[in-house]
Amino acid sequence: MFDRLTIRIFTIFFITIAFFLMLIMLLPNFDSRNLTYLANKEKETGIILANQIEKDLINIPKNSFRWWMRFIVVMDNYQKPGQFLFIITPNQQIITADSNHIDLVKNFNEKSHNIDDPAKKIYDSQEIIGPFLIHYNEENYQLYILQPASDIQSQFVNLIFDHPFLLLSLTMLASSPFLLWLSWSIAKPARRLKKVADQVAKGNLQEWPELEKIGSSEYKATGASFNHMLRELNRMQELQQQLFSDISHELRTPLTRLQLATSLLRRKQGESKEVIRINSEALKLDSMIGDLLSLARQQYDYKEIRELKQIDILFKPVLDNAAFEAEQIGKSFSIEQTPTKSIILCYPNALCSALENVIRNAFRYSHKEIVINFSINQHRLSITIDDDGPGVKSEELEQIFRPFYRTSEARDRESGGTGLGLAIVSNSITRDNGIVRAEKSHLGGLRIVIVLPLHKH
């Protein structure tokens with residue numbers, strides 16, 4: 001039953017509240033200044049002193065001149081250094097040589113006047129003990145003893161007991177580490193679940209058996225459902241991959257036969273516009289199937305591991321190949337700002353392939369000039385690829401990353417592309433928690449902007 005989160009939280013809060021209430025009720029009882037009853041040894045000592053004084057008082061006549069002065073003389077004979085004795089008569093008169101503490105004795109007499117059960121109370125650094133019975137002239141007198149306190153608590157403790165809110169505040173402060181630990185232990189499974197969800201968001205679809213073993217029953221049930229969801233996602237991905245694999249096989253087989261038939265037709269009847277058109281469309285369809293399968297594998301195959309890579313080393317082969325290709329086709333390829341030595345966490349093969357696809361698109365559509373630039377701003381790497389080609393209409397800039405999207409411009413109509421290249425690029429960048437967008441270039445053509453987060457050391 002305690003395995004349920006609701007019961008745990010209720011029990012913890014109930015115990016905490018009960019603990020505070022008991023503490024507030026019991027702590028004042030530990031104040032040494034409270035009225036306490038005497039132990040047997042202290043009580044016997046007081047009774048002996050009272051009996052000794054009583055024996056000497058027998059010799060003092062009741063109606064003698066200034067009889068109370070003779071009381072003081074008798075008390076002086078028995079009081080110890082630092083000790084003062086007080087006798088209260090039946091009519092509540094106080095006989096003593098110490099008139100400075102009469103108010104303390106009156107206050108204590110109001111709280112402790114039972115001769116059969118004497119008590120003591122601390123006032124600052126002194127304590128009063130009593131009352132003890134003294135018989136004189138067939139009447140009962142009360143003896144009180146004022147002496148230095150044997151157990152003086154500190155002024156700080158007195159301050160705490162005198163201010164209940166301060167006592168409550170200190171109690172809450174002292175219990176804070178325990179409550180924080182309880183809160184941390186309750187929230188621990190939730191934090192674990194969040195970490196797993198973050199891993200899933202990054203594409204890690206492996207199961208997490210520990211989610212079904214830690215925390216309350218609610219968290220365990222959530223962990224089991226989470227793992228079931230991951231199993232279903234993996235199963236759907238496997239079915240998706242199998243579907244694309246089957247599509248590839250089923251489509252490419254008739255395509256191969258079509259290309260073979262076209263070759264045989266060309267041998268028998270020679271070249272013609274119809275044969276050239278059939279062969280061109282077959283090659284385009286074959287290329288489209290290849291790009292579609294590449295996109296599918298990229299979306300659903302997460303076997304590639306993310307790695308920490310230095311930017312200049314990562315992109316050097318891509319830029320070297322681009323410079324060589326530009327030289328071969330007679331176009332200008334320049335790098336305004338070279339890559340830095342900053343570190344990036346990425347899928348290296350997919351990211352390099354994405355940048356290479358963007359550069360190749362720029363080569364395909366540009367007239368003469370392609371410019372690439374690397375810059376870092378606020379822990380982000382920005383890569384811009386500009387060309388001086390025909391460009392894309394402003395209203396279509398956000399659409400060109402959709403699969404199979406074909407623009408209305410000559411840039412797309414004359415390219416013979418499949419419409420999947422930029423969709424593959426967008427998927428690769430998104431997997432690395434980056435963004436990609438298209439803009440108008442200052443060269444007159446298209447600008448592709450790739451923004452990637454840098455790794456925080």
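1. Long-range contacts. Among contacts in the chain between residues at least 6 apart in sequence, 61% join residues at least 24 apart. The model is a predicted one, and the points below should be read with that in mind.

2. Overall make-up. The chain contains 12 helices and 13 strands. It has 457 residues, of which 37% count as buried.

3. Helix H9, length. Helix H9 covers residues 311-329, which is 19 residues. At 1.5 Å a residue the helix should span 27 Å, and the end C-alpha atoms are 27 Å apart, so the expected span and the modelled one agree.

4. Helix H9, kink and end. The agreement in length should be read together with a bend: H9 has a kink of about 35°, and the kink is centred on Pro317. Just after the helix, Gly330 adopts a positive phi of about 75°.

5. Helix H9, buried residues. Seen along the sequence, the buried residues of H9 are Ile311, Leu314, Phe315, Val318, Leu319, Ala322 and Ala326. Which elements cover them? The cover includes five strands and a helix, listed here by name: strand E7 (307-310), strand E8 (332-335), strand E9 (343-346), helix H10 (348-365), strand E10 (369-376) and strand E11 (380-387).

6. Cavities, count. How many cavities of 30 Å³ or more does the structure hold? There are two. The largest has about 40 Å³ of space, and the second largest has about 30 Å³.

7. Largest cavity. The lining consists of Pro189, Leu193, Leu211, Ile214, Tyr219 and Gly223. Two elements, helix H6 (164-201) and helix H7 (217-269), give two or more residues each to this lining. By class, five of the lining residues are nonpolar and one is polar, with no charged residue present.

8. Second largest cavity. Here the lining is made by Met75, Asp76, Gln79, Phe84, Leu85, Thr96, Ala97 and Asp98. Helix H3 (67-78) and strand E2 (84-88) each contribute at least two of these residues. The class division is four nonpolar, two polar and two charged.

9. The two linings side by side. For the largest cavity, the lining has no charged residues. For the second largest cavity, the lining has two charged residues. As to the elements that supply at least two lining residues, these are helices H6 and H7 in the largest cavity, and helix H3 with strand E2 in the second largest.

Note on methods: Residues numbered from 1 in each chain as written. Predicted model: local features only at pLDDT ≥ 70, side-chain atom pairs only at ≥ 80, totals over all residues. Heavy atoms only, no water. 1 Å grid on protein atoms, 1.4 Å probe; cavity = no way out; pocket = protein on both sides within 12 Å on 5 of 7 lines; lining within 4 Å. Points joined across faces, edges and corners; volume = space filled by probe spheres on them. Helix = DSSP H or I, 4+ residues; strand = E, 2+ residues; numbered from the N terminus. Nonpolar A, V, L, I, M, F, W, Y, C, P; charged D, E, K, R; others polar. Expected span 1.5 Å × (residues − 1). Bend = angle between axes of the 7 residues up to and from the residue. Buried < 20%, exposed > 50% of the residue type's maximum accessible area, 1.4 Å probe, protein only. Contact = heavy atoms within 4.5 Å.
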